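Biologist: Before we begin, could the structure be put on the screen, and could each answer be reasoned through to the value or name asked for?

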Amino acid sequence: MRARLEETGYLVDDGLAIACFLALRLHRPVFCEGDAGVGKTALAAALAEALDAPLIRLQCHEGIDASQALYDWDFPRQLLHLRAAEAAGVKDADRLERELYDRRFLVARPLLRALQTQPSVLLVDEIDRADDEFEAFLLEVLSEFQVTIPELGTLRAEVPPVVVLTSNRTREVHDALKRRCLYHWFDHPGFGRELAIVRRRLPEVSARLAEQVTALVQALRAEDLLKPPGVAETLDWARALDALGATEVDAELAVATLGSVLKYREDTDRARGLDFAAVLGRRGA
């Protein structure tokens, strides 16, 4: 599992590799928790690529409900069918009702698509942004990998999807959901691992620039920031500097491109007080 994920460019430690292996073997969701930008969402994409399976994503948000996540009926097409039947002189009400709730009028949302697609990887992104009611609904669907549609009956996945749930921990997710998952906490990586990620994901960036950017991000995380940069921001910063034609970075260029890595005015103001030259000097700049 570790080797197949690394072939996609996603580097994992033993704990995460084991969690992914057990998710496949035991058909258990993987619950990924940690700060934004540390690679939780990217794990689902890497699993989909490694397994040669489609990635089906459900983006959670406040107020999301079952019809947005599971299924809905195509009301405009149902109405057209009803009008066409009336024009054709169809009078059998029972037949019309059965036809209106035929599977051809069923609109599969991400959860149902994942149950009907074998194999597939289902990403339930930012579950902490949904409310308690949706969390309870999701728990029911993922417990049996089936859903009951009153008009059609019970639809069950022949092969359960690989499920990755992510949370930025803006609120605590209930224990009932966590207990049914394999849990993994995503820390910010250390210098060596983060540098390896940058080199793997951005081979076009010079080795010197990759090392310098990684060192700068590590230093920024040590500051008291509202939102410390994640690996995603490290990659963005390296891409931005490479797009500017830089093969190395100095303090002036680092300050000028802070908008690629920090997204709050308070953080950029605080970062300008950092001695970038000293950080780069420690890395042999």
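**Contacts, sheet and cysteines**

Modeller: Leaving aside residues up to four places away in sequence, Glu194 touches Pro189, Thr214, Val217, Gln218, Arg221, Gly230, Val231 and Thr234. Please keep in mind throughout that this is a predicted model.

Biologist: Does Glu194 count as buried or exposed?

Modeller: Glu194 is found in helix 10, and its contacts include Thr214, Val217 and Arg221. Buried means under 20% relative accessible area. Since the relative accessibility of Glu194 is 0%, it counts as buried.

Biologist: Which helices do the buried residues of helix 11 pack against?

Modeller: Helix 11, residues 207-221, spans 21 Å from its first C-alpha to its last, close to the 21 Å expected. Of its 15 residues 11 are buried, so the helix is largely enclosed by the rest of the structure; among the buried ones are Leu209, Val213, Leu216 and Leu220. The helices against which these buried residues pack are helix 10, helix 12, helix 13, helix 14 and helix 15.

Biologist: Which strands stand at the edges of the sheet?

Modeller: The open sheet is formed by 5 strands in the order 2-5-8-1-9, with parallel pairing. Each edge strand has a single partner strand, so one side of each is left without a neighbour in the sheet, and the strands in that position are strand 2 and strand 9.

Biologist: By how many degrees are neighbouring strands of this sheet turned against each other on average?

Modeller: The strands concerned are those that follow one another in the order 2-5-8-1-9. With direction ignored, the average turn between neighbouring strands is 20°.

Biologist: Helix 2 packs on the sheet; what angle does its direction make with that of strand 9?

Modeller: Helix 2, residues 14-26, touches strand 1, strand 8 and strand 9. Another helix, helix 8, lies across strand 2, strand 5 and strand 8, and runs at about 160° to strand 8. For helix 2 and strand 9, the angle between directions is about 155°.

Biologist: Which residue in strand 9 stands opposite Glu33?

Modeller: Strand 1, residues 30-34, pairs with strand 9 in the parallel sense over 5 bridges. Along strand 9 the side chains alternate, with Leu182, His184 and Phe186 buried on one face, while Tyr183 and the residue in question point to the other and are not buried. The residue opposite Glu33 is Trp185.

Biologist: At the other edge, which residue in strand 5 is the bridge partner of Leu55?

Modeller: Strand 2 and strand 5 run parallel and are joined by 5 bridges. In strand 2, Ile56 and Leu58 point to one face and are buried, whereas Leu55, Arg57 and Gln59 point to the other and are not. In strand 5, the partner of Leu55 is Val121.

Biologist: How many disulfides does a search of the whole structure find?

Modeller: Cys20 is buried, at 1% relative accessibility, and its sulfur lies 7.1 Å from the closest cysteine sulfur, that of Cys32, which is too far for a bond. Cys181 is also buried, at 8%, and its sulfur is 9.3 Å from its closest cysteine sulfur, again in Cys32 and too far for a bond. A disulfide would require two cysteine sulfur atoms within 2.5 Å. Over the whole structure, the number of disulfides found is 0.

Key. Residues are numbered from 1 along each chain as its sequence is written. This is a predicted model: local features need pLDDT of at least 70, side-chain atom pairs count only at pLDDT 80 or more; totals for chains, interfaces and linings use all residues. Side-chain values use heavy atoms; hydrogens and water are left out. Buried means under 20% relative accessible area, exposed over 50%, partly exposed in between (1.4 Å probe, protein chains only). Helices (H or I, at least four residues) and strands (E, at least two) are DSSP runs, numbered from the N terminus. Two strands pair if DSSP finds at least two bridges between them. The expected span of a helix is 1.5 Å times one less than its number of residues. Contact means heavy atoms within 4.5 Å. Axes are lines fitted to C-alpha atoms, for helices over the stretch in contact, and angles run from 0 to 180 degrees between N-to-C directions.
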